[in-house]
Amino acid sequence: MPTFPNHLRGEGPTNPFPGVRVLERRLGREIPHQLGSNEGLDMPHRALREHFGDAMAAHVYSYGDAEALGIRRRLADQQGIPLDAMLVDAGADSLIALALRAVTGRDEVVVSTAGTYPTFAYFARGHGCRVEELPYDEGPGRLAPDLEALARAAHEHEARLVYLANPDNPSGNLHDDADVLALREALPETCWLLLDEAYHDFREDADAAYGRRVLPGVIRLRTLSKAHGLAGLRVGYAIADPETLAVMMKVRIHYAVSTLSQAAAEVVLDHPDEVAAHVAEVRRRRDRLAARLGELGADVLPSATNFVGLRLPSAELAERVHREMLAAGKLIARPADPALGHVLRITAVSDALVPGRLEILEQALVRG
Ligand SMILES: Cc1ncc(COP(=O)(O)O)c(C=O)c1O
């Protein structure tokens, strides 16, 4: 089992403000008179009520539940993930930063793939880590993080952590469960695996037992930004063993997920049929988009996500298409890392399927 930096071993630091919801649970009863935490509890909120309605105002007065029990209970009930193996934070991005703070130290090496979800390397550098980035495994019909190379580099550099997005962004690639478990096996025992599963809900087998497993030495990350459509409210969760989550809790910004965000997440989680219908619709759109681009001769990558990745014959052409589309008010994604300069990524929203919307790209594909 990988360990934690010295300053986080043993007792403390202890969160000085777990908040009234946590205190109520510890005491086993409600505290009706909240006179101690300096919130603006009697603000009339006329403007806010007029703009958003009374229901919104009801959620904004108090500091939130630092343990987000309502969200965790729903996820535990629906997905079978153990309640004490989940930690809720302000999106998968926040959880990446939190995981780095909890398990890595300055000048330690972390390993990732050049061109994958760039926030990881950005946060790791900001945290003082040394980032080793390896090329994608690239071939016909294949653009995938190279698991064997990641494991080799982890040994070579005595890395503290390896980052893998699975499904991956921007390739859309999905490594199967056995390969991810084999990667964990192949890593040094002292090295963590940060498994970013932001697109997990779009997997055809999202409900399978693997999805709810707590994997030793692995911190899994999920988000409500994608399948649940709550990117603006910032809600995500980590799945890891309780000991690891306890250390993450030591360095967590305890009210990072607002009361309003928690309440909204609970409402959406209480309507799993709506989420499931949305996911099914997104998959259908993704497959239609991939088929249409494929018919025009595009090198469309297989995707287990809510987007389609495609490779253009050159980085220059991808840059031009991206630039001209932006000038026409249409933003698609092109990875900033030169290693993937030839890749474009299009989200499978219905707007992408409106005839003519991708005309600039389509003409570039037809011309070759
Ligand atoms: C791989 C990956 N991880 C994390 C995130 C960020 O998710 P969140 O909105 O939960 O911070 C994204 C969003 O695009 C992503 O693609």
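Strands β7 (residues 192-196) and β8 (residues 218-223) run parallel to each other and pair over 4 bridges. Within that pairing, Asp 196 has Leu 221 of β8 as its bridge partner. Keep in mind that everything described here comes from a predicted model.

**The seven-stranded sheet**

β7 and β8 belong to an open sheet of 7 strands, and if you walk across it the order is β1-β9-β8-β7-β6-β2-β3, with mixed pairing. At the edges sit β1 (86-89) and β3 (130-134), each of which pairs on one side only. Going from one strand to the next, the twist averages 20°. Helix α6 packs on this sheet, where α6 touches β2 (109-113), β3 and β6, and the direction of α6 makes about 155° with that of β3.

**Around the ligand**

Asp 196, the β7 residue bridged to Leu 221, also turns up in the shell around the ligand. Which other residues are around the ligand? They are Gly 91, Ala 92, Asp 93, Tyr 117, Ala 165, Asn 169, Ala 198, Thr 223, Ser 225, Ala 231 and Gly 236. Helix α5 supplies the largest share of this shell, with 3 residues. By character, the shell splits into 5 nonpolar, 5 polar and 2 charged residues.

**How the helices pack**

Now for the helix pairs. Two packed helices are described by the angle between their axes and the distance between the axes. Here are three pairs from this model, side by side.

| Helix pair | Angle between axes | Axis distance |
|---|---|---|
| α5 (91-103) and α6 (119-126) | about 40° | 10 Å |
| α12 (315-327) and α13 (359-367) | roughly 155° | within 9 Å |
| α4 (69-79) and α10 (259-269) | about 20° | 9 Å |

Take α5 and α6 to begin with. Their axes make an angle of about 40°, so the two helices are oblique to each other. The crossing of α5 and α6 is right-handed. On the α5 side the contact uses Asp 93, Ile 96, Ala 97 and Leu 100, and these meet Thr 119, Phe 120, Phe 123 and Ala 124 of α6. That contact divides into 6 nonpolar residues, 1 polar and 1 charged. Asp 93 does double duty here: Asp 93 is part of the α5 contact with α6, and Asp 93 is also listed among the residues around the ligand.

Next, α12 and α13. Are these two helices roughly parallel or roughly antiparallel to each other? They cross at roughly 155°, and α12 and α13 are therefore roughly antiparallel. The crossing in which α12 passes α13 is right-handed. Leu 317, Val 321, Glu 324 and Met 325 are the α12 residues in this contact, and Ile 360, Leu 361 and Ala 364 are their counterparts in α13. The contact comes out as 6 nonpolar residues, no polar ones and 1 charged.

That leaves α4 and α10. An angle of about 20° separates their axes, so α4 is roughly parallel to α10. The α4 and α10 crossing is left-handed. Gly 70, Ile 71, Arg 74, Leu 75 and Gln 78 make the contact from α4, while α10 brings Gln 262, Ala 265, Glu 266 and Leu 269. These residues of the contact divide into 4 nonpolar, 3 polar and 2 charged.

**The three-stranded sheet**

There is also an open sheet of 3 strands, ordered β10-β11-β12 with antiparallel pairing. β10 (299-300) and β12 (343-347) are the edge strands, each pairing on one side only. β10 pairs with β11 (residues 307-311) in the antiparallel sense over 2 bridges, and Val 300 stands opposite Leu 310 in β11. Helix α11 (residues 272-295) packs on this sheet and touches β10, β11 and β12, with a direction about 20° from that of β11.

**Backbone details to look at**

Two cis peptide bonds are worth finding in the viewer. One runs from Gly 12 to Pro 13, with omega near -5°, and Pro 13 is in the segment before α1 (20-27). Another runs from Asn 166 to Pro 167, with omega near 0°, and Pro 167 is in the loop between β6 (161-165) and α8 (177-186).

Asn 38 is a residue other than glycine with a positive phi, near 60°. Asn 38 lies in the loop between α1 and α2 (46-52).

Definitions and conventions:
Residues numbered from 1 in each chain as written. Predicted model: local features only at pLDDT ≥ 70, side-chain atom pairs only at ≥ 80, totals over all residues. Axes fitted to C-alpha atoms, helices over the stretch in contact; angles between N-to-C directions. Parallel < 35°, antiparallel > 145°, perpendicular 65-115°, else oblique. Left-handed = near helix turned anticlockwise from the far one by under 90°. Contact = placed C-beta atoms within 7 Å. Nonpolar A, V, L, I, M, F, W, Y, C, P; charged D, E, K, R; others polar. Near = placed C-beta within 6 Å. Pairing = 2+ DSSP bridges.
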